[in-house]
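Reader: I'd like to go through this structure with you and check how each label is earned. Could you set the values against the cut-offs as we go?

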Amino acid sequence: GESLQILFSTDQQAYVTVYSVDAAGRVAQAFPNAFSQNGLKPAGNHTLPDGNYRFTVTGPVGAESVHLLLSLSPANLGLDGQQSGRYLDPNQFSQELQARAAAQLGQGRWSTDFSTFQVGGAPPPAANQPPRAGFTFSPSSPLAGQAVQFDASASSDPDGRIVEYRW
């Protein structure tokens, strides 16, 4: 349930539409939304969310992408609620977004960009590091047949704990 912020800038007034594609290929229009219905933004730097609401990352676990469409006129591209395995590749969804924008808005009247991030799950395991042996023994100069005591309490395992000693 971490919060997500989207930062963008535009050099002219533009209508902003943001789509989120989750790890199952489901598309949701994140902006404009019920809390912020006016997608028209003036030239300058902007942060979304832009009101008393949050974008919360909820899953499913996997790669998710966020796509931004800036256009000179409002757009309803019919992508909200769509789902496709092709959309798991952010470049494929971006191509679909661009094709629909060109068909509805015309060429040169819009721009897109996207970013990806990993949702949940454990980080990839690091390569296992070998333990480091550190020990003493006594007596320091044992005779043949004499009992020798070993102490390995100075040993360590950099990525775990020592579970067994073998002599």
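Reader: Happy to start with two aromatic residues: what makes Y53 count as buried or exposed?

Author: This is a predicted model, and in it Y53 has a relative accessible area of 10%. Buried means under 20%, so Y53 is buried. F55 is buried as well.

Reader: Why is the pair of Y53 and F55 called edge-to-face?

Author: The ring centres of Y53 and F55 are 5.7 Å apart and the planes are at 70°. Centres within 6.5 Å make a pair, and planes over 60 degrees apart count as edge-to-face, so both conditions are met here.

Reader: And what makes F35 and Y53 a stacked pair?

Author: Their centres lie 5.6 Å apart, and the angle between the planes is 15°. Under 30 degrees counts as stacked, so that is the label for F35 and Y53. F35 sits in the loop between β4 and β5 and Y53 in the loop between β6 and β7, so the pair ties together parts 18 residues apart in sequence.

Reader: Is F35 buried or exposed?

Author: F35 has a relative accessible area of 65%. The cut-off for exposed is over 50%, so F35 is exposed. The structure holds four aromatic pairs, and ring pairs also link Y19, Y87 and F93 into a cluster.

Reader: Let's turn to charges. How do you know that R100 and E96 form a salt bridge?

Author: The closest N and O atoms of R100 and E96 are 2.7 Å apart. The limit is 4 Å, so the pair qualifies. R100 and E96 are four residues apart in helix α1, about one helical turn.

Reader: What makes E96 and R86 a salt bridge too?

Author: The N to O distance for E96 and R86 is 3.8 Å, and this is within 4 Å, so the pair counts. E96 lies in helix α1 and R86 in the loop between β8 and α1, so the bridge ties together parts ten residues apart in sequence. R86, E96 and R100 are thus linked in a network of salt bridges.

Reader: Which residues of that network are buried, and which are partly exposed?

Author: E96, at 17%, is under 20% and so counts as buried. R86 at 44% and R100 at 25% are partly exposed, because both values fall between 20% and 50%.

Reader: Where else do side chains meet in a salt bridge?

Author: R26 and D22 do so at 3.0 Å, N to O. D22 is buried, with 10% relative accessibility, while R26 is partly exposed at 39%. A search of the whole structure finds four salt bridges.

Reader: Why is Q12 called partly exposed?

Author: Q12 has 44% relative accessibility, which lies between 20% and 50%, so partly exposed is the right term. Q12 is in the loop between β2 and β3 and touches K41, P42, A43 and L72. Q12 and K41 are 29 residues apart in sequence, with their C-alpha atoms 8.6 Å apart.

Reader: Which peptide bonds are cis?

Author: One joins F31 and P32, with omega about -10°, and another joins L48 and P49, with omega about 5°. P32 is found in the loop between β4 and β5, and P49 in the loop between β6 and β7.

Reader: Finally, how confident is the predictor, by mean pLDDT?

Author: The chain mean is 89, and 96% of the residues reach 70 or more. Among the elements, strand β11 has the lowest mean, 80, and strand β3 the highest, 97.

Conventions: Residues numbered from 1 in each chain as written. Heavy atoms only, no water. Phe/Tyr/Trp six-rings, centres within 6.5 Å; stacked < 30°, edge-to-face > 60°. Helix = DSSP H or I, 4+ residues; strand = E, 2+ residues; numbered from the N terminus. Buried < 20%, exposed > 50% of the residue type's maximum accessible area, 1.4 Å probe, protein only. pLDDT = per-residue confidence, 0-100. Contact = heavy atoms within 4.5 Å. Lists of a residue's contacts leave out its neighbours within four places in sequence.
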